[in-house]
Amino acid sequence: METPFAAAKSYEWKHGQVTCEAYSATDQVACEEWLKHDVAKRVYDQPMIDGLKDDMLALKSENFDISNLVEYIALPTPDAHYWDIGESVADLFLIERIGARLPANRRRDLRTPKGSLPGADVAGYLPDGAEGAMFLFGEIKTSTDAANPPSVMASSGSGMVAQLTRLVTSTDIRRQLLYYLRNRSTKGDLPSLFKSALASLAKEKYALVGVLVRDTTPDSKDVEAAAKHLDGVISQGQTCTLYALHTCIPMSGWAQHCKAA
């Protein structure tokens with residue numbers, strides 16, 4: 001189903017090379033259904049869960065005794081953290097609204113059930129509509145903080161501004177993302193997207209994005225300071241887009257609707 005965020009922007013403005021856009025979800029029923037289905041499938045990587053179950057049932061069909069595997073199928077999946085849900089909300093928005101291609105679900109890199117992965121939250125491609133693409137790098141933050149901006153934007157070490165600044169200024173970080181994407185871009189049209197994005201990077205072109213997911217009323221102060229700082233950091237001709245996504249369901253209720261099947 002489509003993301004429940006209205007097509008009309010809550011606000012939009014530019015500061016130099018940085019564009020800021022905010023969108024709000026106002027239909028609570030549609031938002032709940034989206035959390036229950038599309039978001040939950042991404043949060044818990046439902047295809048991965050179903051694939052493992054299918055593998056086990058295939059063994060059973062070949063007359064293997066899978067009694068020792070039943071607990072793996074029956075074991076309930078722990079509820080996701082609110083930031084896991086926020087990241088999936090942002091992923092689906094980027095996929096639908098700007099056509100982002102994200103080759104891997106981050107859950108497939110987890111080594112513990114409630115692990116938190118280091119590194120950029122967004123690593124993928126932004127197709128140009130003409131069979132070419134740029135790399136898409138970025139960060140996602142989720143906050144119910146009433147302050148404008150919330151602390152997740154401005155924190156000196158782990159805030160979005162600090163993380164995007166490191167992405168822009170560290171060739172080493174971007175190189176690691178190239179390794180990450182190359183190893184996850186082996187099927188379908190992904191190899192050609194990687195090659196095209198690499199050619200764009202040779203011209204110092206890539207797409208930078210930040211997504212703030214909120215359950216508060218839209219306020220441009222959420223992103224104003226970030227836009228001003230980032231405009232002074234990114235190279236001339238480079239672009240950056242900051243999105244603020246506002247749900248109509250309080251963050252405290254997200255997990256109630258977003259559960260593994």
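**Close-up views of a predicted model**

**View 1. Cysteines without a disulfide.** The structure holds 0 disulfides. C31, for instance, takes part in no disulfide, and the nearest cysteine sulfur, belonging to C248, lies 4.2 Å away. A disulfide needs two cysteine sulfur atoms within 2.5 Å. Please keep in mind, here and in every view below, that this is a predicted model. Is C31 buried or exposed? With 2% relative accessibility, C31 counts as buried. Now look for C258: the closest cysteine sulfur is that of C31, 11 Å from the sulfur of C258, so the distance is too far for a bond. C258 counts as buried because its relative accessibility is 0%.

**View 2. The open sheet from edge to edge.** Here you can follow 6 strands, which form an open sheet with mixed pairing. In what order do the strands lie? The order is β1-β2-β6-β5-β4-β3. At the edges sit β1, residues 11-15, and β3, residues 122-127, each of which pairs on one side only. From one strand to the next, the twist averages 20°. Strands of a sheet pair through backbone hydrogen bonds, either parallel or antiparallel.

**View 3. A parallel pair within the sheet.** This close-up turns to β5, residues 207-214, and β6, residues 239-246. How many bridges join β5 and β6? The two strands pair in the parallel sense over 8 bridges. To find your place along the pair, look for R214, which stands opposite H246 in β6.

**View 4. Two helices against the sheet.** Helix α7, made of residues 171-183, lies across β3 and β4, the latter being residues 133-143. The direction of α7 is at about 105° to β4. Helix α8, residues 190-202, also packs on the sheet, where it touches β3 and β4. The direction of α8 makes about 95° with that of β4.

**View 5. Where helices α1 and α4 cross.** Helix α1 covers residues 28-43 and helix α4 covers residues 82-97; their axes come within 9 Å. At what angle do these axes cross? They cross at roughly 100°, which means that α1 is roughly perpendicular to α4. On the α1 side, the contact is made by W34, L35, D38, V39, R42 and V43. These residues meet D84, I85, S88, V89, D91, L92 and I95 in α4. Sorted by class, the contact between α1 and α4 has 8 nonpolar, 1 polar and 4 charged residues.

Note on methods. Residues are numbered from 1 along each chain as its sequence is written. This is a predicted model: local features need pLDDT of at least 70, side-chain atom pairs count only at pLDDT 80 or more; totals for chains, interfaces and linings use all residues. Side-chain values use heavy atoms; hydrogens and water are left out. Buried means under 20% relative accessible area, exposed over 50%, partly exposed in between (1.4 Å probe, protein chains only). Two strands pair if DSSP finds at least two bridges between them. Helices (H or I, at least four residues) and strands (E, at least two) are DSSP runs, numbered from the N terminus. Axes are lines fitted to C-alpha atoms, for helices over the stretch in contact, and angles run from 0 to 180 degrees between N-to-C directions. Contact means heavy atoms within 4.5 Å. Angles under 35 degrees count as roughly parallel, over 145 as roughly antiparallel, 65 to 115 as roughly perpendicular and the rest as oblique. Ala, Val, Leu, Ile, Met, Phe, Trp, Tyr, Cys and Pro count as nonpolar, Asp, Glu, Lys and Arg as charged, and the others, Gly among them, as polar.
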